[in-house]
Amino acid sequence: MRLGDIQAPPAGMRVIALRHPVRWASAAVIILLLLWSAKVLVTTAAFEWDVVGSYLFNLLVLDGVAQTLGMTALVLVIGIIGGAIIAIMRLSPNPVLHSMAHFYQWFFRGTPPLVQLIFWFNLSSVFPKFELTLFEHTFYSISTNSLMTPFVSALLGLGLPLSAYYSEIVRAGILAVDEGQWEAASAYALTPFQTMRHVVLPQAMRVIIPPTGNEAIGTLKFTSLATIVSYSELLHTVSSIYNTNFQTIPLLIVAALWYLFLTSVLSIGQYFLEQRFAKGSTRSARQPLISKFWSTILRQVKTA
């Protein structure tokens with residue numbers, strides 16, 4: 001239909017815009033909830049915002065933030081590298097490698113990270129020490145308690161489950177690449193390793209990057225579980241402080257604010273990383289980050 005074919009309504013007939021009372025009502029409820037939440041945050045004396053401000057940049061708290069970031073980075077390294085290896089093993093035609101990778105995923109995805117943290121920290125109950133013995137001669141021996149420190153226990157308890165979860169992300173990304181890419185690479189006499197590195201993985205990154213960002217944010221928050229093995233991350237640090245001064249709620253707010261800030265920074269990094277790997281794709285969002293945020297909010301309000 002051309003623009004000139006649109007006819008004006010007959011005389012005496014009014015055009016009434018379609019009304020959306022549910023949308024406006026839901027928007028009004030959301031605004032009222034936001035105003036009520038702001039009032040509660042400002043007027044509730046138990047939050048003690050002056051105490052929050054005094055501890056927000058405390059040296060002990062900042063040290064806990066640094067420990068949290070360091071643990072997050074190391075766990076992500078273990079998870080990403082280990083997950084990539086497990087994913088390639090799952091896709092291998094070798095039945096032994098395929099079965100081992102499947103068993104690894106089944107075990108570490110099926111047991112809670114908290115249980116694994118406690119298990120690794122108490123490994124000395126099963127193996128008091130690790131020894132390297134040959135012909136009844138011990139070449140090396142170390143106590144398990146000295147080896148499985150809170151840091152190592154947290155690293156294994158968080159890194160191994162992450163590698164199991166991340167392996168499925170990598171596998172999904174690899175399977176999303178068309179099989180014709182493998183055939184084309186084979187026609188150019190590329191080895192399977194070269195094909196994976198130079199052809200498949202660059203294309204799979206468009207599928208891998210978004211859930212990788214989610215896993216990074218989740219890992220940052222999951223480091224709080226390491227407080228169960230007395231690792232000095234952010235939550236353990238603030239809990240040590242409020243166990244001394246009994247300012248529980250303000251110190252928990254301090255931890256929450258830092259977690260919100262760090263996850264927000266990771267979310268921004270994830271956005272630009274997605275844009276980097278989405279170049280050349282018509283499905284990538286080209287609008288600025290702030291406008292994308294507000295358009296998402298408005299779209300959710302409209303569909304309410």
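This passage describes confidence, salt bridges, helix packing and selected residues in a predicted model.

The mean pLDDT of the chain is 83. A score of at least 70 is reached by 86% of the residues. Two stretches are named here for low confidence. Residues 284–288 have a pLDDT below 50. Beyond near neighbours in sequence, the stretch 284–288 has 14 contacts in the model. Over residues 300–304 the pLDDT likewise stays under 50. For residues 300–304 the model has 7 contacts beyond four places in sequence.

Salt bridges were searched for across the whole structure, and 2 were found. One joins the side chains of R90 and E168, with an N to O distance of 3.6 Å. R90 belongs to helix α3, which covers residues 59–91, and E168 belongs to helix α7. The two residues are 78 apart in sequence, so their pairing ties together distant parts of the chain. R90 is buried, because its relative accessible area is 14% and the cut-off for buried is under 20%. The side chains of R171 and E168 also form a salt bridge, at 3.0 Å from N to O. Here both partners sit in helix α7. R171 and E168 are 3 residues apart, so about one helical turn separates them. E168 takes part in the bridge to R90 and in the bridge to R171. R90, E168 and R171 are thus linked in a network of salt bridges.

The helices that carry this network also pack together. The axes of α3 and α7 are 5 Å apart, and the packing angle is about 45°. The pair is therefore oblique. The crossing of α3 past α7 is right-handed.

Helix α7 spans residues 150–175 and includes L156. With a relative accessible area of 24%, L156 is partly exposed. Leaving aside residues up to four places away in sequence, L156 touches W120, M148 and P161. F121 is 35 residues from L156 along the chain. The C-alpha atoms of L156 and F121 are separated by 9.6 Å.

Helix α3 also packs against α9. The angle between α3 and α9 is about 135°, and their axes lie 9 Å apart. This arrangement makes α3 oblique to α9. Here too α3 passes in a right-handed crossing. On the α3 side, the contact is made by T68, L69, T72, V75 and L76. On the α9 side, E215, A216, T219 and L220 take part.

Helix α9 has a further partner in α8, which is formed by residues 179–187. The axes of α8 and α9 come within 10 Å. They cross at roughly 140°. That angle makes α8 oblique to α9, because only angles over 145 degrees count as roughly antiparallel. The α8 and α9 crossing is right-handed. Q181, W182 and A185 are the α8 residues at this contact. They meet P192, T195, M196, V199, V200 and Q203 of α9.

R206 is also placed in α9, a helix that runs over residues 192–222. R206 is partly exposed, and its relative accessible area is 43%. A176 stands 30 residues from R206 in sequence. In space, R206 and A176 are 9.6 Å apart, C-alpha to C-alpha.

Two loop residues draw attention for their backbone. Most residues other than glycine have a negative phi. E48 is not a glycine, yet has a positive phi of about 50°. E48 is placed in the loop between α1 (21–43) and α2 (49–55). The relative accessible area of E48 is 29%, so E48 is partly exposed. S230 is likewise not a glycine, and its phi is positive at about 65°. The loop that holds S230 lies between α9 and α10 (234–245). S230 is partly exposed, with a relative accessible area of 44%.

Conventions: Residues numbered from 1 in each chain as written. Predicted model: local features only at pLDDT ≥ 70, side-chain atom pairs only at ≥ 80, totals over all residues. Heavy atoms only, no water. Helix = DSSP H or I, 4+ residues; strand = E, 2+ residues; numbered from the N terminus. Buried < 20%, exposed > 50% of the residue type's maximum accessible area, 1.4 Å probe, protein only. pLDDT = per-residue confidence, 0-100. Contact = heavy atoms within 4.5 Å. Salt bridge = Lys/Arg side-chain N within 4 Å of Asp/Glu carboxyl O. Axes fitted to C-alpha atoms, helices over the stretch in contact; angles between N-to-C directions. Parallel < 35°, antiparallel > 145°, perpendicular 65-115°, else oblique. Left-handed = near helix turned anticlockwise from the far one by under 90°.
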